[in-house]
Amino acid sequence: MFTGRIEEIGVVETVRGDRVTVRAPASAARIRPGGSLNVSGVCVTVEDVADGAFTATVSAETRRRSTFDDLAAGRAVALEPALTLGDPLDGHLVQGHVDAVGKVTAAEQQGAGRRVWIRPPTRFLPRVAAKGSIAVDGASLTVAEVVKDRFSVVLVPATLAATRLGELEAGDRVNLESDVVARLAGRPDTATLARAVRALPWAGHLPGRAGVDKAVAQLAAGGGVVVWDGDREAEGDVVFAGAIMRPESFTFLLTQVCGHPTVPCAPGVLDRLEIDPIPGEGDRHGTRPHVPVDLAAGTGTGVSAAERAATVRRLADPGAAPADFLRPGHVFPLAARPGGLAERGGHTEATVAMCVAAATSPVGVCCEVMNPDGTMAGPADLEAAALRWGLPLVDVADLRAWL
Ligand SMILES: O=C(CO)[C@H](O)[C@H](O)COP(=O)(O)O
């Protein structure tokens, strides 16, 4: 978490593939590998620090969604280290998650300051309110006014001195992040706003190793994790560990997440329980569905959240036997590839890998996030949902890199 108070202007030294090195003596003296830094509005995890410079990985996704798509040596970047408990909130709460790239339409001197007009994408406009807060290239600013398709900010001399925003001219592009409260309040489900805000320090998109560690800890504690698969299905799933699946978690999947809950298993589990693959051509993405099952000892139809959670827990139980299950039932197992995430980057393999990393049995539950209008959730929807639900959001690519 940041507050949008720029501490230093760094200069990009090298860009090699997705590894970026920035010369920034003050920040380098303060930050440790693994720490977070806001770089012109983008939260990055620092990997190396040496000789007054730091190096971080900037993913292709981040580049696409920010002005980092033209990152190059010599470029000046605004830097702010992550807040620690007790730091003053001189600006507003900033996450370093770029919502949109805006275009400067005009910049003019105004007394000792400068007024800059910015046109954001239309979808972003509802999040901009006159006298509200906005982060522009990571700097916390107050929106002066909103007119039709654009808004203005006034840069006071202190901001001009601490940032490079005074150099902005018509045509320049800037990273924008709306005030986190405006982002949440714009959502229909405001009843959960307070809960989400309480969870803000770790909810939402968590890139890199830190996100993977948080996701594994969350799963081990019986919580859910949102996993984004941008390169393959372009869908996000909410994942739980099967061995400790609670009825409430299943209810949440059915009523909030709204996709098709399935139960990824290590292949040996399904072989041992004699649960066979469903014959056929298979789906478009190589998912391996097996015959759905119910717990034989259940008394109802097997559909209730409590019964489905009990079936999942039994699938995850190393002492379970083939006769414990009725076939067909209402819980849908999927077989992970024997080689796990190294062989295939599906939610199936991601779920099993996270369960193993969480030291639970290699059986979990995953369910695609569907928007209330029936469309599948994209990256911005997922980020809003993860914040609303108070869940961490991680990328399959990071799970593949670290698990
Ligand atoms: O159930 C599914 C497809 O049938 C889901 O998409 C689920 O996310 C697991 O699939 P994959 O491993 O292909 O991501």
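Colleague: How many bridges join strand E3 to strand E4?
Modeller: This is a predicted model. Strand E3 covers residues 36-39 and strand E4 covers residues 42-50. The two run antiparallel. One bridge pairs Val-39 with Val-42 in E4. The count of bridges joining E3 to E4 is four.

Colleague: Which residue in the turn between E3 and E4 has a positive phi?
Modeller: E3 and E4 form a hairpin. Two residues lie between the strands. The one with phi of about 50° is Ser-40.

Colleague: And in the hairpin of E4 and E5, which residue takes a positive phi?
Modeller: Strand E5 spans residues 53-57 and runs antiparallel to E4, with four bridges joining them. Ala-50 has Ala-53 in E5 as its bridge partner. The hairpin has two residues between the strands. The residue with a positive phi near 50° is Asp-51.

Colleague: Which residue in E5 stands opposite Asp-48?
Modeller: E4 holds residues 42-50, and E5 holds residues 53-57. The E4 and E5 strands run antiparallel. Opposite Asp-48 in E5 stands Thr-55.

Colleague: What is the bridge partner of Val-12 in E2?
Modeller: Strand E2 covers residues 19-23 and pairs with E1 in the antiparallel sense, over five bridges. E1 and E2 form a hairpin with two residues between them, and Gly-17 in the turn has a positive phi of about 60°. The partner of Val-12 in E2 is Val-22.

Colleague: Which residue of E6 is the bridge partner of Gly-10?
Modeller: Strand E1 runs over residues 8-16 and strand E6 over residues 76-81. They pair in the antiparallel sense over four bridges. The partner of Gly-10 in E6 is Val-77.

Colleague: In what order do E1 to E6 close into a barrel?
Modeller: The barrel is closed and has six strands, with antiparallel pairing. The twist averages 45° from one strand to the next. E1 pairs with E2 and with E6. The order is E1-E2-E5-E4-E3-E6.

Colleague: What is the order of the barrel that includes E7?
Modeller: Six strands close into this barrel, and the pairing is antiparallel. The twist averages 45° from one strand to the next. Within the barrel, four bridges join E9 to E10. The order is E7-E8-E11-E10-E9-E12.

Colleague: Which residue in E10 stands opposite Ser-133?
Modeller: Strand E9 spans residues 133-136 and strand E10 spans residues 139-147. They run antiparallel. Opposite Ser-133 stands Thr-142.

Colleague: Which residues come nearest the ligand?
Modeller: There are 13 residues around the ligand. By class, the shell has two nonpolar, five polar and six charged residues. Those that come nearest are Arg-232, Asp-237, Thr-287, Arg-344 and Thr-348.

Colleague: How much of the accessible area of the ligand does the protein cover?
Modeller: Take the contacts to ligand oxygen atoms. A polar side-chain atom of Arg-232 lies 2.7 Å from one, and a polar side-chain atom of Glu-368 lies 3.0 Å from one. A backbone N or O atom of His-347 lies 2.9 Å from one. Of the 360 Å² that the ligand has on its own, the protein covers 89%.

Colleague: Which elements give two or more residues to the shell around the ligand?
Modeller: One is a helix, residues 347-357, and one is a strand, residues 364-368. They are helix H10 and strand E20.

Colleague: What is the angle between the planes of Phe-240 and Phe-252?
Modeller: A search of the whole structure finds two aromatic pairs. Phe-240 and Phe-252 form one that lies 6.4 Å centre to centre. Phe-240 is in strand E15 and Phe-252 in helix H7, 12 residues apart. The pair is edge-to-face, and the angle between the planes is 85°.

Colleague: What is omega for the peptide bond from Arg-327 to Pro-328?
Modeller: Pro-328 sits in strand E18, residues 325-331. The bond from Arg-327 is cis. Its omega is near -5°.

Colleague: Where does Ala-234 lie?
Modeller: Ala-234 is not a glycine, yet it has a positive phi of about 55°. Its place is between strand E14 (225-229) and E15, in the loop.

Notes: Residues numbered from 1 in each chain as written. Predicted model: local features only at pLDDT ≥ 70, side-chain atom pairs only at ≥ 80, totals over all residues. Heavy atoms only, no water. Near = heavy atom within 4 Å. Polar contact = N/O pair within 3.5 Å; in protein donor to acceptor, adjacent residues only side chain to side chain. Areas by Shrake-Rupley, 256 points an atom, 1.4 Å probe, with all protein chains shown as cover. Nonpolar A, V, L, I, M, F, W, Y, C, P; charged D, E, K, R; others polar. Pairing = 2+ DSSP bridges. Axes fitted to C-alpha atoms, helices over the stretch in contact; angles between N-to-C directions. Phe/Tyr/Trp six-rings, centres within 6.5 Å; stacked < 30°, edge-to-face > 60°.
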